[in-house]
Amino acid sequence: MKEWKKCPLFTALLMSFAILTMAGLWDTKIEKTEELSLMSAGTSSNFGMLAGEISRAGGNFQEEYEKTLSENLPVAVVLHKWKTGAYFKPSELLKKENEEKKDEDIPVIVLDPKPTESDPQVVIAEDNVEGEVENEQKEEILPEPEQKEEFTTVDVDYFNDGVFIGDSRIVGLQLYSGWENASFFAAKGMEVYSYFDKPYIKAGAVKMTVPQALAGQQFGKVYMMIGINEMGTGTHETFIAKYKEIIESIRQQQPQALIYVMGILYVDEEKSLADPIFNNVNIKDRNKYIEQMAEEMGLYYLDINEAICGTNEFLPKDYTADGIHLKAAYIPIWTDYLLNHAILVDSPTA
């Protein structure tokens, strides 16, 4: 008996059997691991190596082995842990843990993958605490529309620094308004196409163009009515293009002035129905262009037809001798309209 106990092979087998029995390694949880491709844990010699490694490292073999049982790990993984300092797990367990992590509350920021110019970008965030989704949308802030000044009533002194520019209809206003305090650069036959070149204005013996006359004085208000003479020349587009050039020129010469543009006065019914050119259909079309120009360029449009003609679409027959020009007795209707359609601006302070 003592002889075979001294046999080295017998001693190794007995030690392995004792260790296996104490650790309960007969359990079927001892498996080979294909995922890690480590050493096989299915033999007692390999297990003995595992026990030796752990013992030499000062670890508790029973405690480490219980970890392999609770996590369904092969015993070879425990050995690998002691060698590398990492506790590797088989792929099935890793897959299970990854799926569990998906259920955890993780903040998420989602951007609209295809934002458009009309729709601002939307950011959706998931709240970790309450789990609510918040939408943050940037709203475009549009500028408020510019407030247009309202017309008010003034007295004749308002025109002390005013100038009236235009054709023979403005000449009639000059002759019969009684406004000697205002300036008038008006002439029969004036039109937009010759405004810059023809010497319409007379100052004593000197003749000059309207721009030359404007160059000699600064005005606070500029009133203009022009267009009846151009009805048979060019188109609405060429007419308004030249009119805009005139306005730009006036602005350069009179930078502090308020600019009023008056619509073309209608003709009477007889004239309008008989004349293929000088009729109210054409005048209305021209006035639409003038009003649009005033809107675009920041001018003040005055529709004197609403005062002189009222709801009638023609110049009243009694108001005119030739179907085109106002009689002197009816000029006050025009002047009253101008007095009740003025813009007041604050004088600059030092």
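Biologist: What makes β8 count as mostly covered?

Modeller: Five of its five residues are buried. Buried means under 20% relative accessible area (exposed is over 50%, partly exposed in between, with a 1.4 Å probe and protein chains only). Strands such as β8 are DSSP runs of E with at least two residues, helices are runs of H or I with at least four, and both are numbered from the N terminus. Before we go on: this is a predicted model, where local features need pLDDT of at least 70 and side-chain atom pairs count only at pLDDT 80 or more, while totals for chains, interfaces and linings use all residues. Residues are numbered from 1 along each chain as its sequence is written, and side-chain values use heavy atoms, with hydrogens and water left out.

Biologist: How do you know which faces of β8 are covered?

Modeller: In a regular strand the side chains alternate between the two faces of the sheet. On one side of β8 sit Lys-221, Tyr-223 and Met-225, on the other Val-222 and Met-224, and all are buried, so both faces are covered.

Biologist: What makes β8 a partner of β4 and of β9?

Modeller: Two strands pair if DSSP finds at least two bridges between them. Five bridges join β4 to β8 and four join β8 to β9, so both pairs qualify. The strands run parallel in the β4–β8 pair and in the β8–β9 pair. In the second pair, Tyr-223 stands opposite Tyr-260. From β8 the chain crosses through α9 to β9, and this β-α-β crossover is right-handed: with the strands pointing away from the viewer, the path from the first strand over the helix to the second runs clockwise.

Biologist: How do you know whether the span of α9 agrees with its length?

Modeller: The expected span is 1.5 Å times one less than the number of residues. For the 18 residues of α9 (236–253) that gives 26 Å, and the end C-alpha atoms are 26 Å apart, so the two agree.

Biologist: What covers the buried residues of α9?

Modeller: The cover includes β4, α8, β8, β9 and α11. Among the buried residues of α9 are Phe-239, Tyr-243 and Ile-247. Over in α11, Met-297 touches Lys-244, Ile-247, Glu-248 and Arg-251, leaving aside residues up to four places away in sequence; contact means heavy atoms within 4.5 Å.

Biologist: Why is Met-297 called buried or exposed?

Modeller: Its relative accessible area is 12%, which falls on the buried side of the cut-off.

Biologist: Why is the Tyr-223 and Tyr-260 ring pair called stacked, edge-to-face or tilted?

Modeller: Rings of Phe, Tyr and Trp (its six-membered ring) pair if their centres lie within 6.5 Å; planes under 30 degrees apart count as stacked, over 60 as edge-to-face and the rest as tilted. By this rule the count comes to 13 aromatic pairs. Tyr-223 and Tyr-260 have ring centres 4.3 Å apart and planes at 0°, so they are stacked. The two residues lie 37 residues apart in the chain, and both are buried.

Biologist: And what makes Tyr-260 and Tyr-300 a stacked, edge-to-face or tilted pair?

Modeller: Here the centres are 5.5 Å apart and the planes at 40°, so the pair is tilted. It joins strand β9 to strand β10, 40 residues along the chain. Tyr-260 has a relative accessible area of 0%, so it is buried, and Tyr-300, at 8%, counts as buried too.
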